[in-house]
Amino acid sequence: CLDILRLEKIEEAAKARNESLPHMLFSGLAGTGKTTFAISVAKTAALDFLPVSPDEMSDMRTILKIFDKLNHDGYNKYGDRIGKISPTILYFDEIHRMPRRGQEILGIAMEKFQIESGQPNKFYWLPYFTVIGATTDDGELTKPFREKFKFRFLFEAYTDDDMTQIVNFHARRLKC
């Protein structure tokens, strides 16, 4: 509950500064609601939600295609903010499967909002975005990449009482 209140304040601050939400890492067992919560964050903040397979982060051409899908509204051709921006949320389920090279490229992009062009000392600008990574094994991420996530949330398994309450709630709602 405190994390949700904190997240609401983070969303308000990001909108006021015309920036993206900080990058977030959701860790926990399968079925604990990481994906559902990520979708909820996007809906609450009224941001585009782009699910990406971590396996796609191994080839630079594919990575560039992913970054091309980011919302570029509110920027001029040089990457300067000229209006209200609407950063895209890139969601990686099982982010620990991302190849090390992908973690390196994405980590730099997360920090600098730039990506290498392939030529020495030449970078392409990227519109602001937020990475939400979900994992059942955050220990498989490289330490430099894991440190790019400003907020980390641990999702715990539901107790038997919690599951009973959820089932009863939905049974009443569906009148069964």
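**Exercise 1. Find which residues Leu106 touches, leaving out those up to four places away in sequence, and place Leu106 in its surroundings.**

*Solution.* Start at Leu106 in this predicted model. Setting aside residues up to four places away in sequence, Leu106 touches Met57, Phe67, Phe92, Met98, Phe129, Val131 and Phe145.

Next, look at the core around it. The largest nonpolar core has 24 residues, and Leu106 is one of those that touch the most other members, along with Phe67, Leu90, Phe92, Ile95, Phe129 and Val131. Several elements each supply at least two residues of this core: strand 2 (49–52), helix 3 (60–68), strand 3 (88–93), helix 4 (100–112) and strand 6 (129–135). Helix 4 gives the largest share, four residues.

Finally, look for a second group. Another core, of 19 residues, lies apart from this one, and its members include Ile10, Ala42, Tyr91 and Ile132. As background, nonpolar side chains in soluble globular proteins tend to be buried together.

**Exercise 2. Work out how many helices and strands the chain has, and what pattern they follow.**

*Solution.* Begin with the count: there are six helices and seven strands in the chain. Then read along the sequence, and the pattern that appears is α-β-α-β-α-β-α-β-β-β-α-β-α.

Now take in the whole chain. Its C-alpha atoms fill a box of roughly 60 × 35 × 25 Å along the principal axes. Of the 176 residues, 38% are buried. The accessible surface is about 10600 Å², and carbon and sulfur atoms account for 52% of that.

To finish, consider the contacts with a separation of 6 or more: 72% of them are between residues 24 or more positions apart.

**Exercise 3. Decide how many residues of strand 1 are buried, and find which strands pair with strand 1.**

*Solution.* First, check burial. Five of the five residues of strand 1 are buried, so this strand is largely enclosed by the rest of the structure.

Second, see which way the residues point. Met24, Phe26 and Gly28 point one way, while Leu25 and Ser27 point the other way. This fits a general pattern: in a regular strand the side chains alternate between the two faces of the sheet.

Third, follow the pairing. Strand 1 and strand 6 run parallel and are joined by four bridges; here Leu25 has Gly133 as its bridge partner. Strand 1 also pairs with strand 7 in the parallel sense, over five bridges, with Phe151 as the bridge partner of Met24.

**Exercise 4. Describe the aromatic pair that Phe26 and Phe155 form, and say which parts of the chain the pair ties together.**

*Solution.* Start with the total, which is 11 aromatic pairs. In one of them, Phe26 and Phe155 sit 5.2 Å apart, centre to centre, with 50 degrees between the planes, and the pair is tilted. Phe26 belongs to strand 1 and Phe155 to strand 7 (residues 151–155), so the pair ties together parts that are 129 residues apart in sequence. Both Phe26 and Phe155 are buried.

Now compare a second tilted pair, Phe67 and Phe129, at 5.6 Å centre to centre and 45 degrees between the planes. Phe67 is in helix 3 and Phe129 in strand 6, so to speak two distant parts of the chain, 62 residues apart. These two residues are buried as well.

As a last step, add the cluster: Phe26, Phe37, Phe153 and Phe155 form one.

**Exercise 5. Find where Thr32 and His72 lie, and decide for each of them: buried or partly exposed?**

*Solution.* Take Thr32 first. Thr32 lies in the loop between strand 1 and helix 2 (34–45). Its relative accessibility is 8%, under the 20% limit, so Thr32 counts as buried. A polar atom of its side chain lies 2.8 Å from the backbone oxygen of Leu29. Not counting residues up to four places away in sequence, Thr32 touches Phe155, Glu156, Ala157 and Tyr158.

Now turn to His72, in the loop between helix 3 and strand 3. At 33% relative accessibility, His72 falls between the 20% and 50% limits and therefore counts as partly exposed. Its side chain reaches the backbone oxygen of Leu70 at 2.7 Å. Beyond its neighbours within four places in sequence, His72 is in contact with Phe67, Trp125 and Pro127. From C-alpha to C-alpha, His72 and Leu126 are 8.4 Å apart, although 54 residues separate them in sequence.

Key. Residues numbered from 1 in each chain as written. Predicted model: local features only at pLDDT ≥ 70, side-chain atom pairs only at ≥ 80, totals over all residues. Heavy atoms only, no water. Core = buried A, V, L, I, M, F, W, Y, C linked by side-chain atoms within 4.5 Å. Buried < 20%, exposed > 50% of the residue type's maximum accessible area, 1.4 Å probe, protein only. Contact = heavy atoms within 4.5 Å. Polar contact = N/O pair within 3.5 Å; in protein donor to acceptor, adjacent residues only side chain to side chain. Phe/Tyr/Trp six-rings, centres within 6.5 Å; stacked < 30°, edge-to-face > 60°. Pairing = 2+ DSSP bridges. Areas by Shrake-Rupley, 256 points an atom, 1.4 Å probe, with all protein chains shown as cover.
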